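Look through the structure below before reading on. The paragraphs after it start at the DNA and then move into the protein chains.

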Protein chains: 2
Amino acid sequence: MFLFKPLCTSINTEKTNMYFVTEILKQFATISEKAKIELAEMVIKRELPKGTLLLEEGKTCKYLNFLESGFARAFYYQDGKKITSWFAFENDIVASMYSFTTQKPSFENIEIIENSVFHSIYFEQLEKLYRKYPEFNLIGRLLIEKYFIELEERILSLQIQPAKERYQKILKNQPELLQRASLGHIASYLGISQETLSRIRANI
Amino acid sequence: MFLFKPLCTSINTEKTNMYFVTEILKQFATISEKAKIELAEMVIKRELPKGTLLLEEGKTCKYLNFLESGFARAFYYQDGKKITSWFAFENDIVASMYSFTTQKPSFENIEIIENSVFHSIYFEQLEKLYRKYPEFNLIGRLLIEKYFIELEERILSLQIQPAKERYQKILKNQPELLQRASLGHIASYLGISQETLSRIRANI
DNA sequence: TTCACTTTTTGACTTTTGTCAAAAGATAAA
DNA sequence: TTTATCTTTTGACAAAAGTCAAAAAGTGAA
């Protein structure tokens, strides 16, 4: 039932009264005191070491994970190669959007790159929350609207910018990504070969 | 105040009791009879002729438009060239997501390609609806989740598929697009030059 | 430190895609 | 029909990016 157990047996899976998730969500809309407490009680804190697979291709994403500290990425396989679909930093929400919202098997994997602390909500619990406190639908809507706009920007970049400009955009907007992710991961994220990225980097 | 007036003076802007929007939305969740009526009263039916700009760059997208019949696209300018960001068919929702959700000036234009009939809701009216009937937040959330997944698929395609495969994907999944949109529009949508698309098409 | 392993860089070459210009085809109005 | 306009195709060449292989650099454990 719990997706993570077979994959990371050495991990702390304690239920805590953390307010980390609440703090993130209340940036989008106010949450009543009662809902806040109920939410906090649903949240499971998990510390996952580097190298763990938080989600495996073919399995269904049952958790919405809020990343307190650490670094993760999603990737899928294409002709045997791993292609990065996104990176997640502190305060980001980590889940396969497709698999979580549809509750169908995921086509992507989520991999912990740096030791991470997550605060996670189980799918059914979240559904319960949505039903009991309709205000959470507002938060959910605003939250996904934010991520939607990020996707639109990324499409724009892949659609019209040559590789060099895509790299320079990251250099300008997310320089910390270049410090924390490997060249190969970044290259596939940008949709180019590792060699091309290495050459672009050498000419700047 | 009304975005469309200066752009399309010859257009019918009648307030009707249409249930077109309701029919689209109730696929996502049930709507109470009362909310249904209130929604229908907010909807404005508009018939826009081919060539009209439904939204102009720099202006704020004040309407969420449901396309009953016709065909439209969004485009933005890049080095003086028009780049198509998406196409909209019957039953699609037409708006600049960025501009509508943030109520900031749009970077993209929306152009009517074939004479179209829209059912439109004004931003403030929709907000009122969200406040009065929280169930609409559920619909809004589910709806944007659906479009989110489509964007993810498009990123995947731009990230890893060569031009020929991107074209073949459309050929397979949206053959009607190839009938209704011009070669140049499709080429910029795929992120390639018109000449390349012409050559790809010649070799299939 | 040394060794094994992984990541990054470099070189040589190929393939894909873009650009510019001109021709061909299609469309619509006079 | 003729003309003007717009779209699509084709050719010749240039630029961007990929592939394969090998070297160099970095990392971590013994």
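Which residues are closest to DNA strand D? This is a predicted model, and in it 17 residues surround DNA strand D. The closest are Ala163(A) and Thr196(A) from chain A, with Gln194(B), Ser198(B) and Arg199(B) from chain B. At least two residues each of the surface near DNA strand D are supplied by α9 of chain A and by α8 (183-190) and α9 of chain B. The largest share comes from α9(B), which gives 6 residues. Sorted by class, this surface has 5 nonpolar, 7 polar and 5 charged residues.

Contacts to DNA strand D reach both its backbone and its bases. Of its atoms within 4 Å of the protein, 49% belong to sugar or phosphate, and the rest belong to bases. On the phosphate side, an N or O atom in the side chain of Thr196(A) is 2.7 Å from a phosphate oxygen of the strand. Leu183(B) uses its backbone instead: one of its polar backbone atoms is 3.1 Å from a phosphate oxygen of DNA strand D. On the base side, an N or O atom in the side chain of Arg199(B) is 2.5 Å from a base nitrogen of DNA strand D.

Now turn to DNA strand C. There are 17 residues around this strand, and those that come nearest are Gln194(A), Ser198(A), Arg199(A), Ala163(B) and Thr196(B). Within 4 Å of the protein, sugar or phosphate accounts for 49% of the atoms of DNA strand C, with the rest in bases. The side chain of Ser198(A) has an N or O atom 2.9 Å from a phosphate oxygen of DNA strand C. For Gly184(A), a backbone N or O atom lies 3.4 Å from a phosphate oxygen of that strand. Arg199(B) also has a place here, with an N or O atom of its side chain 3.4 Å from a base oxygen of DNA strand C. The elements that give two or more residues to the surface near DNA strand C are α8 (183-190) and α9 (194-202) of chain A, along with α9 (194-202) of chain B. The most comes from α9(A), with 6 residues. The residues of this surface divide into 5 nonpolar, 7 polar and 5 charged.

Away from the DNA, consider helix α5 of chain A, which covers residues 135-160. Does its length fit the count of residues, or depart from what they should span? At 1.5 Å a residue, the 26 residues should span 38 Å, and the end C-alpha atoms are 39 Å apart, so the two values agree. The helix is mostly covered, as 19 of the 26 residues of α5(A) are buried. Lys146(A) lies over the face of Tyr147(A), at 5.2 Å from the ring centre.

A second residue over a ring face is Arg46(A), which lies 4.4 Å from the ring centre of Tyr63(A). The side chain of Arg46(A) also makes a polar contact, at 2.7 Å, with the side chain of Asn65(A). Asn65(A) lies in strand β4 (residues 63-78) of chain A. It is buried, with a relative accessible area of 2%.

Aromatic rings come next. Over all chains, the structure holds 18 aromatic pairs. In one of them, the rings of Phe75(B) and Tyr77(B) have centres 5.6 Å apart and planes at 85°, so the pair is edge-to-face. Phe75(B) is buried, with a relative accessible area of 2%, whereas Tyr77(B) counts as partly exposed at 41%. In chain A, ring pairs link Phe71(A), Phe87(A), Phe89(A) and Tyr189(A) into a cluster.

Last, look at strand β2 of chain B. Leu48(B) is found in this strand, which runs over residues 44-48. At 2% relative accessibility, Leu48(B) counts as buried. Its C-alpha atom is separated by 8.7 Å from that of Glu114(B), 66 residues apart along the chain. Glu47(B) is also found in β2 of chain B. Glu47(B) is partly exposed, with a relative accessible area of 35%. The C-alpha atoms of Glu47(B) and Leu67(B), 20 residues apart along the chain, are separated by 10.0 Å.

Terms used:
Residues numbered from 1 in each chain as written. Chains lettered and ligands numbered in written order. Predicted model: local features only at pLDDT ≥ 70, side-chain atom pairs only at ≥ 80, totals over all residues. Heavy atoms only, no water. Helix = DSSP H or I, 4+ residues; strand = E, 2+ residues; numbered from the N terminus. Expected span 1.5 Å × (residues − 1). Buried < 20%, exposed > 50% of the residue type's maximum accessible area, 1.4 Å probe, protein only. Phe/Tyr/Trp six-rings, centres within 6.5 Å; stacked < 30°, edge-to-face > 60°. Lys NZ or Arg CZ within 6 Å of the ring centre and 35° of its normal. Near = heavy atom within 4 Å. Polar contact = N/O pair within 3.5 Å; in protein donor to acceptor, adjacent residues only side chain to side chain. Nonpolar A, V, L, I, M, F, W, Y, C, P; charged D, E, K, R; others polar.
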